[in-house]
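User: I am new to this structure and would like to learn how to read its features. Please guide me through a helix and the protein interior.

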Amino acid sequence: MILLLIQDLQTVSDAFINYYNNFINQLPGIAWGVLIIILGLLIGAWIGNFARRRISAKTADPLMSRFLGKAIKITFFIIAVMLALRAAGLGGIATGILTAAGASAVVLGFAFKDIGENFIAGIILAFNRPFNVNDTVEIGNNFGKVKALEFRYTKLKTFDGKDVYIPNSDVLTTPVTNYTEDGFYRWNFIIGIAYEDTIEGAKQVILDTLKREPNVIEDEEHENFVIEDELATSTVNLKVFFWVDTTDFRRMALITKGNVVRNVKEALEKNGYYMPADIQEIKLYGAAKDSPLRIEQSQKQPDLQESKSSTTDTNN
């Protein structure tokens, strides 16, 4: 037993010494591997930042330049890791990683289907998308300014201060409304005038008011106009259409609409146009002789009459 124990200890000792010697022999390779990874990170970061600046300068597209800059950094990092493993004498591990990645691609494709879709959608959006940074867009039920395009999501900043992260696959498949792509947006509102008023005169007053508003735009392509919208119960409703600049959609466009509504209302009143409230008309048909509505006398009124009579009798 003692002899067997000594032999086992000797075997373990020999194995430990062999591993130690192999580790010492591989130290130069490991050092080279670490150096390669560090150089790969530094070179990838430098090339990524350089490419981002050049692409941004040439295309004026910060979303695509930022996206491609990150993609270059990640690519250089993966290459550096593979080279480092081979330099450290661990080429078998590098080959095994690549083989396992290829063999598990189908499994990972099903397991991380959504992540893969968002990543591919992010690549597509980096080169072809319907918005830029700080554009005001509506994606599904989300409305706000575009702040970033990442590998998996697009970030919106809503006008009430929320940060919304929308998966890129949803951005690619959902209709996107861009309010600021060309810088113009048409507002509209309805205002009612009395039936006795002249419609053409009211329309001219409204158009003159629009021309005096400095933030309302009008040119050959963007024409402001007023139409008869509806013969309502108490009013003739006019619908006013006018164009505004949407560069600062969340504030200036809204303020401009408010100014226009107020100025049109005041201009119509100043020119003698009446804007009545809804009038309820009661008609009697057939054998009806009077209205079914009754105005009941207040209970306090008889008491008041009695009080007056008592006072008169007392005086007499």
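**Reading a helix and a core**

Analyst: α7 has 14 residues and reaches 20 Å from its first C-alpha to its last, close to the 20 Å expected at 1.5 Å a residue; the expected span is 1.5 Å times one less than the number of residues. Helices are DSSP runs of H or I with at least four residues, and strands are runs of E with at least two, numbered from the N terminus. This is a predicted model, in which local features need pLDDT of at least 70, side-chain atom pairs count only at pLDDT 80 or more, and totals for chains, interfaces and linings use all residues. Residues are numbered from 1 along each chain as its sequence is written, and side-chain values use heavy atoms, leaving out hydrogens and water.

User: Which residues of α7 are buried?

Analyst: An α-helix has 3.6 residues a turn, so residues three or four places apart point the same way. In α7, the buried residues are Ala202, Lys203, Val205, Ile206, Thr209 and Leu210; buried means under 20% relative accessible area and exposed over 50%, with a 1.4 Å probe and protein chains only. They line one face of the helix, because they fall within an arc of 160° seen down its axis, taken from the directions from the axis to the C-beta atoms. The face turned away carries the exposed residues Glu200, Lys211 and Arg212.

User: Which elements give two or more residues to the largest nonpolar core?

Analyst: In soluble globular proteins, nonpolar side chains tend to be buried together. The largest nonpolar core here has 23 residues; such a core is a set of buried Ala, Val, Leu, Ile, Met, Phe, Trp, Tyr and Cys residues joined through side-chain atoms within 4.5 Å. Its contributors of two or more residues are β6, α7, β9 and α8, and α8 gives the most, with 6 residues.
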